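Please look through the structure shown here and work out, step by step, how its parts fit together. Each question can be tried before its answer is read.

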Amino acid sequence: IMANGTIAFDTLSTSGQISGTAKSVDTDYLAYGSAKAWLRLNGTGTIAIRDSFNIASNTDNATGTTTTAFTNVFNNDEFATTGMHSSTAHVMQVVVTNEVGSVKFRTQNSSFAQVDDPAQAITVHGDLA
């Protein structure tokens, strides 16, 4: 029989199997400083997730506009999103709409027309619910 319980600690440390100088991390950094979701997306044709963390799904809304749903939702819609794309001819406007369960973003060319891009990425920081 296994009992449920709580483990409390302020710092995580390694037994030395990690090379380099970073062998411990403050748990506040894990809770508040790391990305809570990220996505690498093929945004052309039938959009497809290349790799992700805390991403449930993507919806292709229209040319250059995607809504990404989170697996674990955020506490509020005040999270921060950073984005990038692969083309030097395109400009990514990251956040169009934030909701606790999703973020909507779009990619535009230099003439501000919305365009699909083959390699888009977003990173999201905020408080999970």
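The questions and answers below go from the whole chain to single residues.

Q: In what order do the elements of the chain run from the N terminus on?
A: The model is a predicted one, and its chain has one helix and ten strands. Read from the N terminus on, the order of these elements is β-β-α-β-β-β-β-β-β-β-β.

Q: Among contacts in the chain between residues at least 6 apart in sequence, what share joins residues at least 24 apart?
A: The chain has 129 residues, of which 29% count as buried, and its accessible surface comes to about 8000 Å², with 51% of that surface belonging to carbon and sulfur atoms. For contacts between residues at least 6 apart in sequence, the share that joins residues at least 24 apart is 50%.

Q: Which element gives the largest share of the largest nonpolar core?
A: In soluble globular proteins, nonpolar side chains tend to be buried together. The largest nonpolar core here has twelve residues, among them Ala37, Leu39, Leu41, Phe105 and Val124. Two or more residues of this core come from each of strand 3 (37-42), strand 9 and strand 10 (120-125). The largest share, three residues, is given by strand 3.

Q: Which residues form the uncovered face of strand 3?
A: Strand 3 has two faces, and the covered one is made of Ala37, Leu39 and Leu41, which are also listed among the residues of the largest nonpolar core. The uncovered face is formed by Trp38, Arg40 and Asn42.

Q: What are the bridge partners of tryptophan 38 in strand 10 and in strand 4?
A: Strand 3 pairs in the antiparallel sense with strand 10 over five bridges, and it also pairs in the antiparallel sense with strand 4 (residues 48-53) over five bridges. In strand 10 the bridge partner of tryptophan 38 is threonine 123, while in strand 4 the partner of tryptophan 38 is phenylalanine 53.

Q: Which residue in the hairpin of strand 3 and strand 4 takes a positive phi near 60 degrees?
A: This hairpin has five residues between the strands. The residue that takes a positive phi near 60 degrees in the hairpin is glycine 45.

Q: Is asparagine 54 buried or exposed?
A: Asparagine 54 lies in the loop between strand 4 and strand 5 (55-62), and it has a positive phi of about 60 degrees although it is not a glycine. Its relative accessibility is 10%, and because a residue under 20% is called buried, asparagine 54 counts as buried.

Q: Is phenylalanine 112 buried or exposed?
A: Phenylalanine 112 lies in the loop between strand 9 and strand 10, and its phi is near 70 degrees, a positive value in a residue other than glycine. Its relative accessible area is 59%, and because a value over 50% is called exposed, phenylalanine 112 is exposed.

Q: With which side chain does the side chain of threonine 107 make a polar contact?
A: Threonine 107 lies in strand 9 (residues 102-109), and because its relative accessibility is 0%, threonine 107 counts as buried. Its side chain makes a polar contact, at 2.8 Å, with the side chain of glutamine 120.

Conventions
Residues are numbered from 1 along each chain as its sequence is written. This is a predicted model: local features need pLDDT of at least 70, side-chain atom pairs count only at pLDDT 80 or more; totals for chains, interfaces and linings use all residues. Side-chain values use heavy atoms; hydrogens and water are left out. Helices (H or I, at least four residues) and strands (E, at least two) are DSSP runs, numbered from the N terminus. Buried means under 20% relative accessible area, exposed over 50%, partly exposed in between (1.4 Å probe, protein chains only). A polar contact is a pair of N or O atoms within 3.5 Å; within protein, one must be able to donate a hydrogen and the other to accept it, and residues adjacent in sequence count only if both atoms are side-chain atoms. A nonpolar core is a set of buried Ala, Val, Leu, Ile, Met, Phe, Trp, Tyr and Cys residues joined through side-chain atoms within 4.5 Å. Two strands pair if DSSP finds at least two bridges between them. Contact means heavy atoms within 4.5 Å. Accessible areas come from the Shrake-Rupley method with a 1.4 Å probe; for residues, only the protein chains shown count as cover.
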